[in-house]
Amino acid sequence: MANAYLQGVEISATQFLDIWRHYDNDGNGYIEGKELQNFIKELQEARKEAGLELTEAMKGFVETYGQNADAKIGIVELVQILPTDENFLLVFRQQLKSCAEFMQAWRRYDADHSGYIEADELKNFLRDLLQKAKKSYDEKKLEEYTQTTLKMFDSNNDGKLCLAEMARLLPDQENFLLKFQNVKMPAKEFNTIFELYDQDGNGYMDENELDALLKDLCEKNQKVLDINNTATYKNTIMALSDGGKLYRTELALVLCADEN
């Protein structure tokens, strides 16, 4: 059924989710390798059967990925070429233009500071983004978008999104959080590190303390983190802070491997 949706002039949010799940059949968050080559082949066949030309975006996509057996794409790349209903997922990219803006939005909509965005918080997030983008919607559509987003990014099926899950809306090249997935530490180690770099013991880190921590992390993890990007890492993480005070709970969203 999923490949039949590729014939559609416009694809609903639910149909987009079915397409994604069909081609990301190992569930790792990417369409890659044989999955990607199958998608490209079936996209071309489906458009031909429906009497539709490939759009310019589709042609560019096929040219970029068609002969690259090692290529992979995330949800953001897929939504940019499929005629998705209202392009509701692209609203994230249009309205949140940087990782820092994404972090600020996260802090604003994680209203109870639980470290998660739950369904009601996510619905408010989507409503405000759609209004900001001047996209028309009704409550039924908003509920569909909310549930589709949850199903798409809630990798452990707990009915809520953590920061890393939500961050999949950002393109890989802009998503520094993906890098930090590889340097996350157990809670015990994280707490020790936090207390070490919270040099004045006031219970939060300021920019200078965070800068020192990040430089040491970069030195320790040179294959993953680029020390030349320390300022970018710092500015983005500080977007989670409360008036320049980065508390343990907020930093744990980025660096702690254990659930809070």
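1. Start with the largest cavity, where H15 gives the largest share of the lining, 3 residues. Bear in mind that this is a predicted model. The volume of this cavity is about 70 Å³. Around it sit Trp106, Arg107, Asp110, His113, Ser114, Gly115, Leu240, Thr249, Glu250 and Leu253. Besides H15, helix H7 also gives two or more residues to this lining. Sorted by class, the lining comes out as 3 nonpolar, 4 polar and 3 charged residues.

2. How many cavities of 30 Å³ or more does a search of the whole structure find? There are 2. The second largest holds about 30 Å³ of space, and its lining is made up of Leu163, Ala164, Leu177, Gln181, Lys184, Leu253 and Val254. H15 turns up here too: H10 and H15 each supply at least two of the lining residues. Here the classes are 5 nonpolar, 1 polar and 1 charged. If you are clicking through the model, Leu253 is worth a look, as it appears in the lining of the largest cavity and also in that of the second largest.

3. Now for the largest pocket. It contains about 520 Å³ of space and has 26 lining residues. Which of them lie nearest its centre? Those are Gly27, Asn28, Gly29, Ser155 and Arg168. Helices H2 (13–23), H5 (75–79), H9 (139–153) and H10 (163–166) are the elements that give two or more residues to the lining. The lining of this pocket splits into 11 nonpolar, 7 polar and 8 charged residues. Notice H10 again, which also helps to line the second largest cavity.

4. Next, a helix pair. H3 (residues 34–49) and H4 (residues 56–65) have axes that come within 11 Å and cross at roughly 145 degrees. The crossing of H3 past H4 is left-handed. On the H3 side the contact uses Leu36, Gln37, Phe39, Ile40, Leu43, Gln44 and Arg47, while H4 brings in Met58, Phe61, Val62 and Tyr65. By class, that contact has 8 nonpolar residues, 2 polar and 1 charged.

5. Have a look at H14 (residues 230–238) as well. Its buried residues are Thr230, Tyr233, Lys234, Thr236, Ile237 and Met238. What covers them? The cover includes H7 (99–109), H11 (176–180), H13 (207–220), strand S6 (246–247) and H15 (248–255). So H7 and H15, both met at the largest cavity, are also among the elements over the buried part of H14.

6. Is Ala257 buried or partly exposed? Ala257 sits in the segment after H15, and it counts as partly exposed because its relative accessible area is 47%. Setting aside neighbours within four places in sequence, Ala257 touches Lys184, Met185 and Pro186. Lys184 has already come up in the lining of the second largest cavity. From Ala257 to Asp154 the C-alpha distance is 17 Å, with their positions 103 residues apart in sequence.

7. Last, Glu189, which belongs to helix H12 (residues 187–197). Why is Glu189 classed as partly exposed? Its relative accessibility is 35%, so it falls in that class, which runs between the 20% limit for buried and the 50% limit for exposed. The C-alpha atoms of Glu189 and Cys256 are separated by 8.5 Å, although these residues are 67 apart along the chain.

Methods. Residues are numbered from 1 along each chain as its sequence is written. This is a predicted model: local features need pLDDT of at least 70, side-chain atom pairs count only at pLDDT 80 or more; totals for chains, interfaces and linings use all residues. Side-chain values use heavy atoms; hydrogens and water are left out. Axes are lines fitted to C-alpha atoms, for helices over the stretch in contact, and angles run from 0 to 180 degrees between N-to-C directions. Helices (H or I, at least four residues) and strands (E, at least two) are DSSP runs, numbered from the N terminus. A crossing is left-handed if the near helix is turned anticlockwise from the far one by less than a right angle, and right-handed if clockwise. Contact means heavy atoms within 4.5 Å. Ala, Val, Leu, Ile, Met, Phe, Trp, Tyr, Cys and Pro count as nonpolar, Asp, Glu, Lys and Arg as charged, and the others, Gly among them, as polar. Buried means under 20% relative accessible area, exposed over 50%, partly exposed in between (1.4 Å probe, protein chains only). On a 1 Å grid over the protein atoms alone, a cavity is a set of points where a 1.4 Å probe fits but cannot get out, and a pocket is an open set with protein on both sides within 12 Å along at least five of seven lines; lining residues have an atom within 4 Å of a point. Grid points are joined across faces, edges and corners, and a volume is the space filled by probe spheres set on the points.
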